[in-house]
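Let's take a walk through this protein, one piece at a time. Have the sequence and the 3D view open as you read.

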Amino acid sequence: MTIPTIKLARQVIKIQFPQYKNLILSDVEQQGHDHRTYRLGTELLIRMPTAPEYALKISKEQELLPQLAQRLNVNIPTPIAMGESCLEYPYQFSIYQW
C-alpha cells in the first residue's frame with residue numbers, strides 16, 4: 001500500500017502537469033481509505049489511490065463519470081486529467097474539477 005502525501009502529490013503534479021505546479025495544494029479535511037484527496041487551487045482536486053486494487057478504478061472513473069453526468073440531475077466530479085504511474089508514484093491518478 002502506498003499512502004500518498006501532499007509532498008508526493010506536489011511532486012507528481014510538477015512532473016506530469018506543470019501547468020498546475022504553481023497552484024496551492026492543500027489537504028481535504030475528510031479522507032477516505034482507498035484514496036487521498038488534495039485540493040489543487042480553487043477549482044481542482046487531485047485524487048490518488050492508496051493501493052493497486054483502488055488504482056484499477058481510475059480509468060473506469062475517467063470514462064464513466066462524464067457519461068453519468070449526462071444522465072443525472074446532480075453534480076458529480078468532472079475528470080480534467082489522468083496522471084500515469086511513474087517512478088515517484090506507482091499508480092494512475094485523477095485530477096477533477098472541485
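Before we start, one term: two residues are in contact when they have heavy atoms within 4.5 Å. With that in hand, look at glutamate 61, which touches Arg47, Pro66, Pro79 and Tyr96, leaving out residues up to four places away in sequence. You'll find glutamate 61 in helix 3, which covers residues 57–71. Is glutamate 61 buried or exposed? Its relative accessibility is 18%, and since buried means under 20%, glutamate 61 counts as buried.

A word on trust, as this is a predicted model. The mean pLDDT of the protein is 93, and 100% of its residues reach 70 or more. Helix 3, where we just were, has the lowest confidence, at a mean of 91, while helix 1 has the highest, at 97. As a rule, predicted coordinates should not be read in detail where pLDDT is low.

Now follow one of those contacts across to arginine 47, which is found in strand 3. Setting aside neighbours within four places in sequence, arginine 47 is in contact with Asp34, His35, Arg36, Thr37, Glu61, Phe93, Ser94 and Tyr96. One of these, Arg36, is eleven residues away along the chain, yet the C-alpha atoms of arginine 36 and arginine 47 are separated by 5.8 Å. Another, threonine 37, stands opposite arginine 47.

That brings us to how the strands are arranged. Strand 2 (35–40) and strand 3 (44–49) pair in the antiparallel sense, over six bridges. Leucine 40, for instance, stands opposite leucine 44 in strand 3. Strands 2 and 3 make a hairpin with three residues between them, and there glycine 41 takes a positive phi near 70°.

Which strands sit on either side of this hairpin's partners in the bridge pattern? Strand 1 is joined to strand 2 by three bridges, and the two run antiparallel. Here leucine 25 has leucine 40 in strand 2 as its bridge partner. Strand 3 is joined to strand 5 by four bridges, again running antiparallel. In that pairing, isoleucine 46 has isoleucine 95 in strand 5 as its bridge partner. It helps to remember that in a regular strand the side chains alternate between the two faces of the sheet.How covered are strand 2 and strand 3? In strand 2, five of the six residues are buried, so this strand is largely enclosed by the rest of the structure. Strand 3 is mostly covered as well, with five of its six residues buried.

Next, the inside of the protein. The largest nonpolar core has 18 residues, and Ile46, Met48 and Ile95 touch the most other members. Helix 1, strand 2, strand 3 and strand 5 each supply at least two residues of this core. Helix 1 gives the most, with four residues.

Isoleucine 46 is a good place to stop and look around. Not counting residues up to four places away in sequence, isoleucine 46 touches Ala9, Val12, Ile13, Leu25, Arg36, Thr37, Tyr38, Phe93, Ser94 and Ile95. For another reference point, pick arginine 10, which is found in helix 1. Arginine 10 is partly exposed, with a relative accessible area of 45%. Its C-alpha atom is separated from that of isoleucine 46 by 9.7 Å, although the two residues are 36 apart along the chain.

Finally, the aromatic rings. A pair of rings is described by the distance of the centres and the angle of the planes. This structure holds four aromatic pairs. Phenylalanine 17 and phenylalanine 93 form an edge-to-face pair, with 6.1 Å from centre to centre and 85° between the planes. This pair links distant parts of the chain, 76 residues apart: phenylalanine 17 is in the loop between helix 1 and strand 1, and phenylalanine 93 is in strand 5. Phenylalanine 17 is buried, with a relative accessible area of 9%, and phenylalanine 93 is buried too, at 0%. Both belong to one aromatic cluster made up of Phe17, Tyr20, Tyr89, Tyr91 and Phe93.

One last ring to find is that of tryptophan 98. The charged end of arginine 39 sits over this ring, 3.8 Å from its centre.

Definitions and conventions. Residues numbered from 1 in each chain as written. Predicted model: local features only at pLDDT ≥ 70, side-chain atom pairs only at ≥ 80, totals over all residues. Heavy atoms only, no water. Phe/Tyr/Trp six-rings, centres within 6.5 Å; stacked < 30°, edge-to-face > 60°. Buried < 20%, exposed > 50% of the residue type's maximum accessible area, 1.4 Å probe, protein only. Lys NZ or Arg CZ within 6 Å of the ring centre and 35° of its normal. pLDDT = per-residue confidence, 0-100. Core = buried A, V, L, I, M, F, W, Y, C linked by side-chain atoms within 4.5 Å. Pairing = 2+ DSSP bridges.
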